[in-house]
Amino acid sequence: MPDLSSYRAKFSSLNNCHHLISNSLGAVPDRALDYAQDYIETWSRLGVRAWREWWPLSREVGDQVGAIIGAAPDTVTMLPNVTSASAVVQSCFDLVAPRNKIVMVDMEFPSILYVYQEWARDHGRVEMIASEDGVTVSTEKIIDSIDETTLLVPISHVFFRSSYIIEIEKIIEKAHSVGAYVVLDAFQSVGTVPIDVQKL
């Protein structure tokens, strides 16, 4: 295991407070100020032509993330947050009976729940799987809920509230066997839990 302790010196904010909420705002890197200054200077120097430099960044960062998650080059795009990314993915589907069920877990990030519940309100239904202990969720209950009427299974690889790692392989296998899609939220797992999206 590589020694990562030298990185601590690159985050002066760690001298002032502890950061235990990675799903919100983590420790700010000292270089962030340099990058923000560079952004302003580029904008000031080039005006609207600055987009020529900024536009490719989404692809470049996407490829860096793609390398971590096992994705092929030019297949990952960057969006502002997981909720807006979920809404973009959701817009690719129609809720048409009989395949209009969404299987979800009550441990999802609240804004993700809101997005899918509102979408399903008029033309679909959300089947919510409850955590019995506020930490874990039964993989078997999720799998049993996925059937031929299921369109989507939006689910976190690691739950933000408890850090519980879901058995995603079994869920994906069941979903694919009945023609359903899994929308995997790997925000909490990428970089800490091995994941290969092509294998999944």
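**What does the pLDDT of the protein chain average, and what percentage of the residues score at least 70?** This is a predicted model, and the protein chain averages a pLDDT of 93, with 98% of the residues at 70 or above. Looking at the elements of the chain, strand β1 (residues 101-105) has the highest mean pLDDT, 98. At the other end of that ranking sits α4, whose mean of 93 is the lowest.

**Close-up 1. Here's the largest pocket, with a volume of about 1,800 Å³.** Its lining takes in 46 residues. If you want to find the middle, look for Val82, Asp185, Ala186, Phe187 and Val190, which lie nearest the pocket's centre. Sorted by class, the lining comes out as 30 nonpolar, 14 polar and two charged residues.

**Close-up 2. Now for the helices and strands that help line the largest pocket.** Four helices, α3 (57-69), α4 (82-90), α5 (110-123) and α7 (168-177), each supply at least two residues of the lining. So do two strands, β3 (150-156) and β4 (181-185). Which element gives the most to this lining? That's α4, with six residues.

**Close-up 3. Next up is the second largest pocket, at about 460 Å³.** You can pick out its lining by name: Pro29, Tyr35, Leu57, Ser58, Val61 and Met78. Five of these are nonpolar and one is polar, with no charged residues. Helix α3 turns up again here, giving three residues, the largest share of the lining.

**Close-up 4. Time to look along α3 from end to end.** How far apart are the end C-alpha atoms of this helix? They are 18 Å apart, and that agrees with the 18 Å you'd expect because 13 residues are counted at 1.5 Å a residue. Just after α3 comes Gly70, which has a positive phi, near 80°.

**Close-up 5. Helix α3 again, this time with its buried and exposed residues picked out.** The buried ones are Gly62, Gly66 and Ile69. Viewed down the helix axis, these buried residues fall within an arc of 65°, so they line one face of α3. Why can residues spaced along a helix end up pointing the same way? An α-helix has 3.6 residues a turn, so residues three or four places apart share a direction. On the face of α3 turned away from the buried side, you'll find the exposed residues Gln64 and Ala67.

Notes:
Residues are numbered from 1 along each chain as its sequence is written. This is a predicted model: local features need pLDDT of at least 70, side-chain atom pairs count only at pLDDT 80 or more; totals for chains, interfaces and linings use all residues. Side-chain values use heavy atoms; hydrogens and water are left out. On a 1 Å grid over the protein atoms alone, a cavity is a set of points where a 1.4 Å probe fits but cannot get out, and a pocket is an open set with protein on both sides within 12 Å along at least five of seven lines; lining residues have an atom within 4 Å of a point. Grid points are joined across faces, edges and corners, and a volume is the space filled by probe spheres set on the points. Ala, Val, Leu, Ile, Met, Phe, Trp, Tyr, Cys and Pro count as nonpolar, Asp, Glu, Lys and Arg as charged, and the others, Gly among them, as polar. The expected span of a helix is 1.5 Å times one less than its number of residues. Buried means under 20% relative accessible area, exposed over 50%, partly exposed in between (1.4 Å probe, protein chains only). The arc is that of the directions from the helix axis to the C-beta atoms. pLDDT is the predictor's confidence in each residue, from 0 to 100.
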